[in-house]
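Biologist: I am new to this structure, and I would like a close look at one part of it, starting from a single side chain and its partners. Please go slowly and explain each term as you use it.

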Amino acid sequence: MQANAATGGVTGFATQNGGTTGGAGGATVTASTGTAIHAALCNRASSSTPIIIQVSGTINHGNTTKVSGDSCNTAAGVIELKQISNVTIIGVGSGAVFDQLGIHIRDSSNIIIQNVTVRNVKKSGSPTSNGGDAIGMESTVRNVWVDHVTLEASGGESEGFDGLFDLKDDVEYVTLSYSILRNSGRGGLIGSSESDTGNNYITFHHNAYSNIDSRTPLLRGGTAHIYNNSYTSLIESGINSRAGAKAKVDNNHFKNSKDVLGTFYTTEAGYWQVSGNIFDNVTWSAASSDHKPAGPNVTSTTTVSIPYSYTLDGASCVPNIVAQTAGANKGLQVSNGNCVPTSPTGGPVTPPPTTGGPTTPPPTTGGPTTPPPSGTNLSLAGGADGSSKASGTSYGNVMDGDLATYWSPSGSTGSISVKWSSATSVSRIVIREASGATGLIGAYRVLNGDTGAVLTTGSGAGAITFGATSAKKITFEITGASGTPRVAEFETYAS
């Protein structure tokens, strides 16, 4: 099934800390070998130049070699995303399979991996790759979104495999969504030892775990939000919160499994806040000093604050919606919040290929050449708020109909929102920069302020269209600028 290189739709903790956009705004290249993936990274102008790599075919040891360059740090026998940023890797066409070849993210930030299968990565036997992890992250990694992937093994440690999704040594702001993890001894960990507790802010939602011995995930320290996942056949244990970790566990469905939540194999306790979960034929073992199942009477032992918006599907329909949407080659479908599969909001946002940025500047809206749009500017009847404001500016200046007043963030990036007391249908906005500041706005995201869903992304001010969205708040988030932006007007229109 064809998939588009969509960076819209990032959810969970990956939306925080400035957000996760991957290679949005950069060149789009294709690759059918691991060597070609490495070459695409190495051919960039710098290690932070945005790039979208569309991958098809089977990637394996035979076609993955080290490539050298100033903008990369690659290695043979693994997809190496090391000391880089602003990269999207997405499977297209009939699919992309990383066969016995892991993906390693180290000292990197703003990475998106979508619509790929990673299978049978070994740490012992032959061939080996990535320490046996399908996807592994370590050593100062920030803002990674892994979405619609299939991660699978063919056994446990005795067969040479390790974790499917392992995070360690200072990894933060990661979301794993709409993915399949199966047939492995270990689902994944956050923190490699009881002293590795500096990993934090991880979201797991709408994933399907099946035939896993343990670690779905193992969480040492930090905070995890685990919601709307479907778990079947967890053999020994499931969500293992320990060493002071806090897990918010909402509306998950557990079936035919054992000890699906608790603190296991340690005396260093972890904690959980639970709501709305279904436990179907789940068995619970007796507690001991180093084995403390949360059940059979599962109750919360802490409270966890979640900073982003999200919508919960009812736990009873989670197995069905996850079966329809999770994994590679599902068309990047997601739940609409009512357990109905739908295409990602806003549609594909694949930018046109480019090697050095557009040669023609995007149109700005501060001058007389921008014609007024037709229809009613809905902002005039609303209110406004934002992430920050520079001295002497006001959020309300963007919806007062006066081009002489403006809002600026306290730095070069920030967000401004228009809001209403009731849900309002919007499909187009116009961002008008103040006189003397035209062309300063670079990369942006438009968000549904109610849910945090990304409606579209792009670069430059002006007229921006997206799929009609009903919301009480629409947010324009500036993620890149060549100075301090000045937004004179944030106009909103129904069509």
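Modeller: Let us begin with Lys 123, which is partly exposed at a relative accessible area of 33%; here buried means under 20% relative accessible area, exposed means over 50%, and partly exposed is what lies in between, computed with a 1.4 Å probe on protein chains only. Please keep in mind that this is a predicted model, in which local features need pLDDT of at least 70 and side-chain atom pairs count only at pLDDT 80 or more, while totals for chains, interfaces and linings use all residues. Residues are numbered from 1 along each chain as its sequence is written, and side-chain values use heavy atoms, with hydrogens and water left out.

The partner of interest is Glu 157, whose side chain meets that of Lys 123 in a salt bridge with an N to O distance of 2.8 Å. This pair links distant parts of the chain, 34 residues apart, since Glu 157 sits in the loop between β10 (150-155) and β11 (165-168), and Lys 123 in the loop between β7 (117-119) and β8 (135-138). The strand and helix names come from DSSP runs numbered from the N terminus, where helices are H or I runs of at least four residues and strands are E runs of at least two. Glu 157, like its partner, counts as partly exposed, at 44% relative accessibility. Side chains of opposite charge can pair when their charged atoms come close. The term salt bridge is used when a side-chain nitrogen of Lys or Arg is within 4 Å of a carboxyl oxygen of Asp or Glu, and by this rule the count comes to 16 salt bridges.

Another residue to follow is Asp 385, which forms a salt bridge with Lys 419 at 3.3 Å, N to O. Here the link runs from strand β29 (residues 383-386), which holds Asp 385, to strand β30 (residues 414-433), which holds Lys 419, and the two residues are 34 apart. Asp 385 is buried, with a relative accessible area of 18%, whereas Lys 419 counts as partly exposed at 32%. The side chain of Asp 385 also meets that of Lys 473 in a salt bridge, with 3.0 Å from N to O. Asp 385 lies in strand β29 and Lys 473 in strand β33 (residues 462-478), so this pair ties together parts that are 88 residues apart in sequence. Lys 473 is partly exposed, at 22% relative accessibility. Returning to the starting point, salt bridges that share partners join Lys 123, Glu 157, Asp 162 and Arg 186 into one network.

Links of another kind are the disulfides, each a pair of cysteine sulfur atoms within 2.5 Å, and by this rule there are two. One joins Cys 42 to Cys 72, with 1.9 Å from S to S, and it is right-handed, with 100° about the S-S bond. Cys 42 belongs to helix α1 (residues 34-42) and Cys 72 to the loop between β2 (51-59) and β3 (79-82), so that distant parts of the chain, 30 residues apart, are linked. Both ends are buried, Cys 42 at a relative accessible area of 9% and Cys 72 at 12%. Cys 317 and Cys 339 form a disulfide too, their sulfur atoms 1.7 Å apart; Cys 317 is partly exposed at 22%, while Cys 339 is buried at 11%.
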